[in-house]
Amino acid sequence: MTSAAQRSKLVINIEMDDRTVLFPDGKFLSHISIHEMDEERLRLDAVFHFNESRQEPEIAALPVEEARELGRALLEAVYQGRTQHVLSESTKIAVVFNPNGFVLRFGEEPALKELFLASPAIVRLSQGLLRMVDRLSALPAN
């Protein structure tokens with residue numbers, strides 16, 4: 001019988017474009033990596049073009065169901081052309097629609113992180129999130 005501890009943990013790397021920036025640090029990203037933390041959570045990490053200040057790469061850690069909601073909210077923001085939210089006791093994410101792209105707001109002040117991205121990158125991020133959610137939601141093999 002295979003368990004999550006025995007299988008290798010998946011990391012999904014999603015290519016960003018030259019308009020992807022993470023604040024408050026003002027760092028441009030080449031990729032976002034989605035890491036399988038355990039059977040119930042995943043983590044979004046930034047892959048920076050530069051990071052001499054050695055900022056931590058973690059953007060957010062999410063339970064599976066909230067990651068599923070975020071994947072859907074990203075697509076709804078694109079298709080409906082309006083701001084979306086993922087809110088729970090542990091997660092506060094806004095997907096802010098703008099004419100030239102999107103801003104994902106993770107958390108609240110003073111720990112607020114803002115990720116600026118364009119439409120193609122936001123769709124790729126949604127696909128990566130939903131792929132990881134699918135993996136974490138899969139029933140164990142017999």
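With which side chain does the side chain of Ser-30 make a polar contact? The tour ends there; it starts with the whole chain, which is a predicted model.

**Whole chain**

Show the chain as a cartoon and colour it by secondary structure. Two helices and nine strands should appear. Followed from the N terminus, the order is β-β-β-β-β-α-β-β-β-β-α. The radius of gyration is 15 Å, close to the 14 Å that the globule rule gives for 142 residues, so the chain is as compact as a globular protein of that length. Along the principal axes, the C-alpha atoms fill a box of roughly 50 × 40 × 30 Å.

Next, turn on contacts. Of those with a separation of 6 or more, 46% are between residues 24 or more positions apart.

**Surface and charges**

Switch to a surface view. The chain exposes about 8,200 Å², and carbon and sulfur atoms supply 50% of that area. Buried residues are 39% of the 142 in the chain. Now select the charged residues: there are 16 positive and 21 negative charges, and the mean positions of the two sets lie 3 Å apart.

**Ser-30**

Go back to the cartoon and select residues 27–36, which form strand E3 and include Ser-30. Show Ser-30 as sticks. Its relative accessibility is 17%, under the 20% cut-off, so Ser-30 counts as buried.

Then select what surrounds Ser-30. Beyond its neighbours within four places in sequence, Ser-30 is in contact with Ile-14, Glu-15, Met-16, Val-47 and His-49.

Last, add the side chain of His-31. This is the partner asked about at the start: the side chains of Ser-30 and His-31 make a polar contact at 3.1 Å.

Methods:
Residues numbered from 1 in each chain as written. Predicted model: local features only at pLDDT ≥ 70, side-chain atom pairs only at ≥ 80, totals over all residues. Heavy atoms only, no water. Helix = DSSP H or I, 4+ residues; strand = E, 2+ residues; numbered from the N terminus. Rg over C-alpha atoms; globule rule 2.2 N^0.38 Å. Buried < 20%, exposed > 50% of the residue type's maximum accessible area, 1.4 Å probe, protein only. Contact = heavy atoms within 4.5 Å. Areas by Shrake-Rupley, 256 points an atom, 1.4 Å probe, with all protein chains shown as cover. Lys, Arg positive; Asp, Glu negative; His and termini not counted. Charge placed at Lys NZ, Arg CZ, Asp CG, Glu CD. Polar contact = N/O pair within 3.5 Å; in protein donor to acceptor, adjacent residues only side chain to side chain.
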